[in-house]
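Biologist: Could we go through this model together? I would like to begin with the surface and then turn to the interior.

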Amino acid sequence: MTVGEVVTPTNVALSVIIGYLLYKIFGLDSLANRRRDEQQQKREAALGHDRKFTLAELKRFDGTNLSEEHGGEKPIYIAIDGVVFDATEGAAFYGPGGPYEAFAGHDATRGLATMAVGLVSNDWDDTSDLSPSEREVMMEWKGKFLSKYPVRGTLVQE
């Protein structure tokens, strides 16, 4: 019997199928998922949700700086109405090159309330002058972020 007789397309296909079934039967995929979930939970616990950020501190989390506390990721934090969110999972939108990248590492309250992408300030922004409709829009954005991204803390004045 030659190698060509043993290594046929049918035998290769059967070997792949048997390998996949063994992988599933012995739960190797769920073991990997469980380990990944445990690592994610440890990271979430370490990062917390009650940190206080100044504008200068928030600015470091604009998606361009590596962070050891984030496992080597480039985290993206965005503040809305005093709440700081970890929008790293939304990097395609809020990260470098994304359509809303100007909000990364900033207080995006006014920009989201007025639907003006890029309207951010490097200084403390008193948003008490927002109109009722702008405040409503901002609260809708805040609700979306609350349902989608983890809270990391609050934005405080220096």
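Biologist: Where is Phe26 found?
Modeller: In this predicted model, Phe26 is in the loop between helix 2 (9-25) and helix 3 (28-47).

Biologist: Is Phe26 buried or exposed, and why?
Modeller: Phe26 has a relative accessible area of 62%, and it counts as exposed because the cut-off for that class is over 50%.

Biologist: Which residues form the nonpolar patch on the surface?
Modeller: Phe26 is one of them, and the patch also includes Leu14, Ile17, Tyr20 and Ile25. Together, the patch residues have about 950 Å² of accessible area.

Biologist: Turning to the interior, how many residues has the largest nonpolar core?
Modeller: That core has 17 residues, and Ile78, Ile80, Ala87, Tyr94 and Phe145 have the most contacts inside it. At least two residues each come from strand 2 (77-80), strand 3 (83-86), helix 6 (109-113) and helix 7 (132-148). Helix 7 gives the largest share, three residues.

Biologist: What is Ile78 in contact with, leaving aside its neighbours within four places in sequence?
Modeller: Its contacts include Val83, Phe85, Tyr94, Phe103, His106 and Phe145.

Biologist: What does the second, separate core include?
Modeller: It has eight residues, among them Leu58, Phe61, Tyr77 and Leu155.

Biologist: A change of topic: which residue in the loop between strand 2 and strand 3 has a positive phi?
Modeller: Asp81 lies in that loop, and its phi is near 50°, although it is not a glycine. Asp81 is partly exposed, at 29% relative accessibility.

Biologist: And what is the phi of Met115?
Modeller: It is near 60°, also a positive value in a residue other than glycine. Met115 sits in the loop between helix 6 and helix 7 and is exposed, at 55% relative accessible area.

Notes: Residues numbered from 1 in each chain as written. Predicted model: local features only at pLDDT ≥ 70, side-chain atom pairs only at ≥ 80, totals over all residues. Heavy atoms only, no water. Patch = residues over 30% accessible without salt bridge, like charges linked within 9 Å, V, L, I, M, F, W, Y side chains within 5 Å. Areas by Shrake-Rupley, 256 points an atom, 1.4 Å probe, with all protein chains shown as cover. Salt bridge = Lys/Arg side-chain N within 4 Å of Asp/Glu carboxyl O. Helix = DSSP H or I, 4+ residues; strand = E, 2+ residues; numbered from the N terminus. Buried < 20%, exposed > 50% of the residue type's maximum accessible area, 1.4 Å probe, protein only. Core = buried A, V, L, I, M, F, W, Y, C linked by side-chain atoms within 4.5 Å. Contact = heavy atoms within 4.5 Å.
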